[in-house]
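Q: Please take a close look at the surroundings of the bound ligand in this model. A connected account of the residues and contacts involved would be welcome.

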Amino acid sequence: MAPTKQQVLDSLAKIAGPDGAPLTASGKLSDVMVTDGKVFFSITVDAAAAQAWEPVRDRAEAAARAVPGVQSALVALTAERKGSGSPPGAGGPRPTTPAQPAARGGAPSPIGVPGVEAIIAVASGKGGVGKSTTSVNLALGLRDLGLKVGILDADIYGPSLPKLLAIKERPQTLGGTRLKPITRYGLTVMSIGFLIDEETPMIWRGPMVISALTQMLREVEWGALDVMVVDMPPGTGDAQLTMAQQVPLKGAVIVSTPQDLALIDARRGIAMFRKVNVPVLGIIENMSYFLCPQCGTRSDIFSHGGARHEAERLGVPFLGEVPLHMDIREKSDSGLPVVATMPDGALATVYRDIAAKVRDQIKGVTRTAPNIVIEA
Ligand SMILES: Nc1ncnc2c1ncn2[C@@H]1O[C@H](COP(=O)(O)OP(=O)(O)OP(=O)(O)O)[C@@H](O)[C@H]1O
Ligand SMILES: [Mg+2]
């Protein structure tokens with residue numbers, strides 16, 4: 001029989017907080033979501049008390065998992081900073097900052113992911129410009145440069161990696177607490193799409209955004225990686241800003257198409273990352289020009305070059321142009337990304353050249369401040 005929310009709550013009632021009171025009476029528990037044998041909830045505490053609550057989180061997770069029929073339980077411990085204004089929200093319950101130690105100078109900073117050298121976001125202001133396609137091929141390009149690369153799908157509402165990499169299997173748990181990512185084409189891959197069904201109602205996803213993202217970073221056995229590429233959801237709204245703050249980013253790559261409208265959105269994306277002190281590693285112009293699949297002739301059917309000019313104007317590096325090409329679309333949509341399946345082709349070269357520039361940019365940047373907006 002499918003486990004119910006009440007069964008999970010009954011099990012959690014037996015867990016005590018650091019003060020000895022039952023967790024369910026602490027007022028710190030979020031709504032408990034139970035879907036298809038999977039349990040999600042968060043515990044929100046004061047940042048100063050986060051360490052004392054960590055064992056409670058572990059026990060709560062074990063208690064949820066012990067309910068008959070529960071296959072997995074994800075419990076996030078989130079910490080609220082006292083005196084901060086209303087943090088940007090994703091629409092549902094107020095997302096909070098994950099529990100983390102205070103950085104030098106008193107400002108909390110997202111802690112890194114052990115073993116992961118650099119985390120970079122691939123973002124755009126506008127949807128459908130090719131972020132996910134670019135993320136996958138960029139990750140493969142970095143792999144071809146000899147780097148150990150992971151890719152994290154941060155698009156909780158519309159995960160793409162299961163399709164772009166044709167992944168149907170579910171990650172296995174390691175020791176019941178950590179998830180083993182999937183490996184494809186030499187990349188270490190994680191997506192919320194591996195964990196939840198496409199039918200999971202959108203309304204449930206909002207509250208899950210931050211906890212799911214935090215858990216995909218912290219409770220997945222990423223292993224040693226030189227670079228983790230994060231495929232961001234579209235837009236520059238509060239949800240994206242919150243995500244940009246939660247992930248300890250080394251830098252961001254902005255994808256834009258050449259059209260003016262997309263460029264306006266790209267500009268917003270750059271402004272967003274600058275606001276949270278995340279260096280912009282550069283802009284990629286996607287669908288830059290048309291490359292005829294039959295004859296290989298190039299035609300500049302759009303006013304190509306817009307992103308290059310925009311990059312110059314904004315003082316950020318221009319990383320390269322990816323043509324609009326049927327192979328990119330067909331191969332991506334059938335889970336056979338061009339860099340992996342047509343490694344000797346011109347398109348793979350385009351992505352590898354971009355990857356080399358990204359690698360050089362990563363080496364060059366030093367973060368000056370944590371990517372947390374300090375609210376007055
Ligand atoms: N350079 C390209 N040439 C041809 N087709 C492309 C190219 N880049 C992306 N596409 C196609 O455009 C569509 C959108 O791409 P993709 O899903 O990568 O965009 P996205 O920015 O991640 O979208 P979303 O905002 O929904 O996350 C896909 O069908 C993809 O195959
Ligand atoms: Mg996408």
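**The shell around ligand 1**

A: In this predicted model, ligand 1 is surrounded by 19 residues, and the closest of them are Gly 128, Lys 131, Ser 132, Thr 133 and Pro 323. Sorted by class, this shell comprises seven nonpolar, eight polar and four charged residues.

Several secondary-structure elements contribute to the shell. At least two residues each come from the helices α3 (131–144) and α9 (326–333) and from the strands β13 (280–291) and β15 (318–324). Of the contributors, α9 gives the most, with four residues. Lys 131, Ser 132 and Thr 133, listed among the closest residues, fall within the range of α3 (131–144), while Pro 323, also among the closest, falls within that of β15 (318–324).

Polar contacts to oxygen atoms of the ligand involve both backbone and side-chain atoms. On the backbone side, a polar atom of Gly 130 is 2.9 Å from an oxygen atom of ligand 1, and a backbone N or O atom of Val 129 lies 3.1 Å from an oxygen atom of the ligand. A side chain takes part as well: a polar side-chain atom of Asp 333 is placed 3.2 Å from an oxygen atom of ligand 1. As for coverage, ligand 1 on its own has 640 Å² of accessible area, of which the protein covers 81%. Asp 333, whose side chain supplies the contact just described, stands at the end of the range given for α9 (326–333), the element that gives the most to the shell.

Definitions and conventions
Residues numbered from 1 in each chain as written. Chains lettered and ligands numbered in written order. Predicted model: local features only at pLDDT ≥ 70, side-chain atom pairs only at ≥ 80, totals over all residues. Heavy atoms only, no water. Near = heavy atom within 4 Å. Polar contact = N/O pair within 3.5 Å; in protein donor to acceptor, adjacent residues only side chain to side chain. Areas by Shrake-Rupley, 256 points an atom, 1.4 Å probe, with all protein chains shown as cover. Nonpolar A, V, L, I, M, F, W, Y, C, P; charged D, E, K, R; others polar.
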